[in-house]
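Student: I'd like a close look at one part of this protein, the place where two of its domains meet. Could you walk me through that spot and then show me what sits around it?

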Amino acid sequence: MRTINYQDHSIEFSDDKTALEAIESQGLNIQSRCRQGNCHACVLQCDEFDFNHQRSDSNAQANVSAPDNSIYGLDAKQVSMGLFLSCQCKGSDFSKDTNLTMRAAKVNVNSASVIEKKSLNDRVFSIKFTCNITWQAGQFINIHSPLGERSYSIASIQDEGVIELHISKKLNGKVSNYLFENAKVGSKFAISNANGDCFYHPFIYDKPLILIGTGTGLAPLVGILKQAIKNKHEQDMHLYIAQGEPEFHYYQKQLNRLAKKHDNLKLNYICRRNSLNIELDNTMRVGELEDIIKQDHLSLKPFGAFICGAPDMVRNMQIQCILSQMDRSNIRVDSFEDLPYESDIQV
Ligand code: FES
């Protein structure tokens, strides 16, 4: 039988499961975010993939290669250490008698202090930390809490000197709810180095930008916009941010202020429904995000695209960009699972 050894558990690694799913099936908690190989939150270390591993068990199987998908986007050093993406590593990638020993990846951990926590609306709050790390706006960090670890995208740029996160209060969001209840000015948390490739980069310096997001997918887009403005991005920057209802939108005042100062920033607020028939101004439209973008832009080919938020939307928009013959190197994504909000659950 094919097995994974993880934290004293011997776990069956069936053909149809990823390593992440197999380990989770035992009730064990592994960090994850997109489950599509984009975010790198689910990185684990496998002894059998580690070129330098000193084998302590002479019966253990050596020289097993990590599947190509599971090391896509990792650098050579990480691969040589046996790091891999557990959401992209399937049982069917290995022969039936393979025995793999996996563990949490050794990543750098830094101390961060909360300097501000405030509500952005009924569902979303922001936390600002000071921490001695470097980042590119739009990347994410993992926060360790007594209830586990979770990744959040950074909404601020390095020049601001603080890490700003937008966090939504979700029904099963253990870490998010822990931060909402317990983080206070002066609280200390361990956070990882910044990760991910969804940030303002040289390939798109001379292109118009399209920034597309749902929910708190706005956070990395805000960071990317701030960086583009700091770099004096000359081409148009079209922000499309969608929420379920008009009143779920947040951070509009700050964005409207930015748009007033920068003519090339075009704001598009989308809501899927308007159940309360709220009077909407001309920046807010009701409809499906993907359809509205299609109506507004016959072709996405000239753009550099950033797509952040719910995995289905990210996948659909990625396909829309590729069908428009946009160069794939100009598409950066950050997808993360969409848990229900507390207020969406009828008791
Ligand atoms: S890469 Fe595996 S959860 Fe994102």
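Tutor: Here is a walk through the contact between two domains, followed by some strands and a salt bridge elsewhere in the chain.

Keep in mind that this is a predicted model. The protein is split into domain 1 (3–104), domain 2 (109–192) and domain 3 (202–344). The part to zoom in on is where domain 1 meets domain 3. Their C-alpha centres lie 34 Å apart, and the two do touch: 6 residues of domain 1 are in contact with 7 residues of domain 3.

How much area do domain 1 and domain 3 bury between them? The size of an interface is often quoted as the accessible area that is lost when the parts come together. Here that comes to about 600 Å², with 32% of it on carbon and sulfur atoms. On the domain 1 side, Arg33, Gln36 and Asn38 lose the most area to domain 3, and together they make up 76% of what that side buries.

Now for the chemistry. Between domain 1 and domain 3 there are 0 salt bridges, and 1 residue pair is in polar contact, with both residues at pLDDT 80 or more. The residues on the side of domain 1 that touches domain 3 sort into 1 nonpolar, 3 polar and 2 charged.

Salt bridges do turn up in the structure, which holds 13 of them. One of these joins the side chains of Glu24 and Arg35, at 2.7 Å from N to O. Glu24 belongs to helix α1 (residues 19–24), while Arg35 sits in the loop between α1 and β3 (43–46), and the two are 11 residues apart.

Last, a look at some strand pairing. Strand β6 (residues 109–119) runs antiparallel to strand β11 (residues 188–192), and 5 bridges join them. In that stretch, Ala112 stands opposite Phe189 of β11. Strand β11 also pairs with strand β8 (residues 140–145), again in the antiparallel sense, over 2 bridges. There, His144 faces Ala190 of β11 as its opposite residue.

Note on methods: Residues numbered from 1 in each chain as written. Predicted model: local features only at pLDDT ≥ 70, side-chain atom pairs only at ≥ 80, totals over all residues. Heavy atoms only, no water. Domains from an automatic or database assignment. Contact = heavy atoms within 4.5 Å. Buried area = accessible area lost by both parts, 1.4 Å probe. Salt bridge = Lys/Arg side-chain N within 4 Å of Asp/Glu carboxyl O. Polar contact = N/O pair within 3.5 Å; in protein donor to acceptor, adjacent residues only side chain to side chain. Nonpolar A, V, L, I, M, F, W, Y, C, P; charged D, E, K, R; others polar. Pairing = 2+ DSSP bridges. Helix = DSSP H or I, 4+ residues; strand = E, 2+ residues; numbered from the N terminus.
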